[in-house]
Each structure stands twice: as C-alpha cells, then as structure tokens.
Amino acid sequence: MTHVIVVGAGQAGAALSARLRQQGFEGQITLIGEEPVAPYQRPPLSKKYLTGELPIDRLYLRPASFYADQNITLMTGCRVERIDRAARRVITPRGPLAYDALVLATGGRARRLPQALGGGLDGVYTVRTLADVDAMAPEFVAGRHLFIVGGGYIGLEAAAVARQRGLTVTVLDASSRILNRVASAQTADYIRAQHLAHGVEIIEGETLDHLTGVSRVDGALLSNGRQIPADFAIVGIGLAPATELAEAAGLDVADGITVDALCRTSDPAIYAVGDCASFPHGAGHLRLESVPNAIAMAEAAADAILGHGTPYRPNPWFWSDQYDMSLQIAGLSTGYDRVVSRDSDRGKSFWYFAGARLLAVDAVNDPRAYMLGKRWLEAGLSPNPAHVADASRELKSLGTS
Amino acid sequence: MAKITYIEADGTEHVVDIATGKTVMEGARDHNIAGILAECGGACACATCHAYIHHEWFDKLSPANPVEEDMLEFAVDTDPSRSRLTCQITVTDMLDGLIVQLPES
C-alpha cells in the first residue's frame, strides 16, 4: 500500500487521513475536496458559526499547517471527474492520479426545492456548506422575515439563530408535525413549545404551493391559499448522498454507496465512509448522516486499509443546540412502540422502547440521562420503562436487564 | 502560548506549544495526538475528549461547570480526582507545563 486517495475533504475524509498517520502509515495520502477550503466542521454552520460566536479559524477541523506536518497532500477546489477502476486511477481536472486504495467520502448535497416551486429564486438558501452559510449570513438582520421550509433539525436550528438575532420566523413542515422523521411526538412537542415561546410561528400539516417572487423570493403561497411574506427563505428538507462518482464507476449503490462490514464497496480497492455510505446493519443496510458516524466509520476504514480492520458497528448519537436547549440523542429510535418521558432537575429526557428493549434516548439539558442511556445502549441493556418514568428514582440506581 | 505535555495511554509523550485561547482538546487535535476524539468539536456534547489531568495541575484549573460534571459522572473510565473534558479547558499562560494523560482509546 503506497498511495491512499480520499475523495471528499469533509469530516470523514479528514478523519480517515489523520487516522492513517496515527496508525503509522508512511505511504502517500492525497485528500481531494470539491470545496475551496480545508476541512471544517459542518454542525456549527447552523449554530454558533451562524450566530457569529464561532470564528472561522475555529471552524476548521485542523490548522492549515496540519496537512504539511502530517505529509497529507490536500487538494481543495478540485472536483474528481471519474474513477478509472481498471487502471486504478482517479481523473481530475489537474490530471490523473493513481491509487492503491481509494476512499469515497463524498458526503451529500442539500436537497433543493424544484424550480417550479421557486427553488431557483434569489434569496433561497440551503444549509450544507460554508459557502451556503456565508451567503445567507448578511440576510440575518433584525426585523426581517425568514421563511423556513422543513421542520427538521437544520430548519429548527436556523429558526433559533434567527429569533436570537431578532428576525420574524415562520417554519413550515408539510408532514403532520416537526421532527416527524427523526423524533417522537413527545420530543417534538417539547421542542415546538420552546420555539413557540421564543415567538416562532410553526405551521404543520400544510404544504407549500410555491415560493413567490419574480427574480427574488418575496414570500410563500401555501396550498391552503395562505400567503406569507418573506425577505428570504431557507430550505431544510434533507440530504441526498453524493453517489454520482460511484454510480458512474459501476459500484453498487442503493440509498448511498453500498459497503461491507469493512467499509469496502463492491470493488475491494475502493472504500466508502460517512454520509454517503450504506453499511450492513441488522438484516439490511443503514446510512447515517452524522459526525460521529463519519469519524468512527472513517477510522474503521483506515484500519481496514492497513489490514487490521474489524467489522464496523456504529454507536449512533446526535446532537442539536437551539436557544438554551442542548439536545443529545443516543441510539436509533426506528421501530419504537412507546416513549417514556422523565423529568430531571434541569431538563427532560424521552426514552424509546420496543417492548422491553431500549432503542434510543432524547435528552434535553439532561446530560446524565444521555450518558447513561448511551452506555446502556452500547452494552445492550434496558432499564424498566416504568422505573424510568418515575422521577423519584435515581437514574443510576435503575436496574437493567 | 503554553507548553503542554500529552501522554498517550501507551506512554508516548508529545510536548507541544499551544496558543493561548485554544482549548486543550484543540491542541491535541491540531497535532494529531491519538486518544482525544472530540466528536462534537467542543460543544460539550459527547465526552470523547475526556482526559486525566496530572495531580499537580488538577486544582489549578477552573472547576468544571454542571454540564461537564454531569457528562463526566457517567463517562467511561473517569476518575473524579483527575478527570476533565479537555474541550472545556482554555489554554492560558498559567497552564504552561500542564501534563495531560490520555485514556485508553
């Protein structure tokens, strides 16, 4: 193994490159990114970077000197055109590069509103890249009206920032409620109440007819005929995994680039990690959009490339910050049949069960519930749901089975 | 600027200069020192930057806030007499000479 090429300079690509060096790999590492900047953290884009609390130099994952220090060739602003699997080369505008192992860490792209719905108007933004957020930042002026399409975490985080900056905010979710895809009704109720208390208007169960405006957005028309004026709009309707390169190269792609337990695609010289990769999970495959998954999967793939890989098993967790709410989520709630809520002195937690088995915990301002829940989940242990709901019982005194 | 010694679980020592204003976590990350993962990037949300502070230094640090205390209480392999989350320790000139021991992965 003399040359590892990583396509995609996000969290996963950066973590994989760093891990190879930490593990003593002495060959060549080339990290190729489409964006014009060095790897940075995406989560703060809709949080502390947008509020201005986190300066750009602290957004970067590593200082500029890191890549030279670690002998990692970082190529930014470079979009890989295709993979020549037969010759083991990637073709870039700057010429072909030969690899021994190739890693696809291509992430995903924010889904956009179709042109017909006004998705192409000026003043309509998505939240995925630094350029996205730098472009929208000047719009955050007190007194202006922000219309947000999508009541998921991205949309709600942007709503919180906008309210803190004194904007008027309307959030539209076409499904029956906010956070429909990712959290329980109980969690959504709690978070909705915080947004309402901060003056956000939340419209649920109504669809967008289209964003209005001639060249620039000036409002939204809902399917029920209601018109809402807006100075700008943010579309937070999910992520599409970037699989084009893999598809064009004939690799297996379903929802994401299909990999095996060692993060190998259907070509054993090519790996895929992070948001773009779909890995074996239970009886099927799973794709996770999160920083912890990007890091852990990148490290698993690095180890596999170096010949000491072990099957990748995620310990999923997520976080979100809105107003003074710190939300921490452990586990995957898919398939739950009941949710038990628990009050603590500073916060609240929501525990997802399938039968007697604990699946996930959403903790708001309750790090103890999150930490303990995460440890139980990792150990395959479940507390008694009735005991969880009883706030008079100390969390750590709860038995598990 | 402060000189900080990071000692990996296997005993490997890294002595590095960290700029004032950075956190002890960022110092480790900037120098690719294994053992501090910092998944959340310093939001005090994950406890993956947990490390042990040398006993001569532990009491010289500003104390942990309640969120950090709660995180540490249930993090893996913590020791109340020396465990901290390194994303919550900001480097100052006073920390010149700080010694940080990193946990097993």
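Two residues are in contact here when they have heavy atoms within 4.5 Å of each other. Keep that cut-off in mind for the first stop, and remember that you are looking at a predicted model.

**Stop 1: chain B**

Select chain B and hide the rest for now. Take its contacts between residues at least 6 apart in sequence: 62% of them join residues at least 24 apart. Colour by secondary structure and you should find 3 helices and 5 strands. Walking from the N terminus, the order of elements is β-β-α-β-α-α-β-β. The radius of gyration of chain B comes out at 12 Å, close to the 13 Å that the globule rule gives for 105 residues, so chain B is as compact as a globular protein of that length. If you want a box around the C-alpha trace, its spans along the principal axes are about 30 × 25 × 25 Å. Switch to a surface-accessibility colouring, and 51% of the 105 residues count as buried.

**Stop 2: the antiparallel sheet of chain A**

Now bring back chain A and select β23, β24, β25, β26 and β27. In which order do the strands of this open sheet lie? Reading across, it goes β23-β24-β27-β26-β25, with antiparallel pairing. β23(A) and β25(A) (338–343) stand at the edges with a single partner strand each, so one side of each has no neighbour in the sheet. From one strand to the next, the twist averages 15°.

Zoom in on β23(A) and β24(A), an antiparallel pair joined by 6 bridges. Click Trp319(A) to see one such pairing: its bridge partner in β24(A) is Gln328(A). Then add the helices that pack on this sheet. α6(A) touches β23 and β24 of chain A, and its direction makes about 25° with that of β23(A). Helix α10(A), residues 367–379, touches β23, β24, β26 and β27 of chain A; here the angle is about 160°, taken against the direction of β27(A).

**Stop 3: helix α7 of chain A**

Select residues 185–197 of chain A. This 13-residue helix, α7(A), reaches 18 Å from first C-alpha to last, close to the 18 Å expected at 1.5 Å a residue. Show side chains for Thr187(A), Ala188(A), Ile191(A), Arg192(A) and His195(A), which are buried. Why do they end up on the same side of α7(A)? Look down the axis: they cover an arc of only 125° around it.

What do these buried residues pack against? Their neighbours are α6 (153–164), β12 (201–204), β23 (317–322), β24 (325–331), β26 (348–354) and β27 (357–364) of chain A, and several of those strands belong to the sheet you just left, including β23 and β24. Just past the helix, pause at Gly199(A), where phi is positive at about 90°.

**Stop 4: the parallel sheet of chain A**

Follow β12(A) into another open sheet, this one with parallel pairing and the strand order β9-β16-β10-β11-β12. β9(A) (124–126) and β12(A) are the edge strands, each with a single partner, so one side of each is left without a neighbour in the sheet. Neighbouring strands are turned by 20° against each other on average, direction ignored. For a detailed view, pick β10(A) (145–149) and β11(A) (168–173), which run parallel and share 5 bridges. His145(A) stands opposite Thr168(A) there.

**Stop 5: Thr126(A)**

End on strand β9(A), where Thr126(A) has its place. Is Thr126(A) buried or exposed? At 5% relative accessibility, Thr126(A) counts as buried, the cut-off being under 20%. Leaving out residues up to four places away in sequence, Thr126(A) touches Ala110(A), Arg111(A), Arg112(A), Asp132(A), Met136(A) and Val235(A).

Technical notes. Residues numbered from 1 in each chain as written. Chains lettered and ligands numbered in written order. Predicted model: local features only at pLDDT ≥ 70, side-chain atom pairs only at ≥ 80, totals over all residues. Heavy atoms only, no water. Helix = DSSP H or I, 4+ residues; strand = E, 2+ residues; numbered from the N terminus. Expected span 1.5 Å × (residues − 1). Buried < 20%, exposed > 50% of the residue type's maximum accessible area, 1.4 Å probe, protein only. Arc of directions from axis to C-beta. Pairing = 2+ DSSP bridges. Axes fitted to C-alpha atoms, helices over the stretch in contact; angles between N-to-C directions. Rg over C-alpha atoms; globule rule 2.2 N^0.38 Å.
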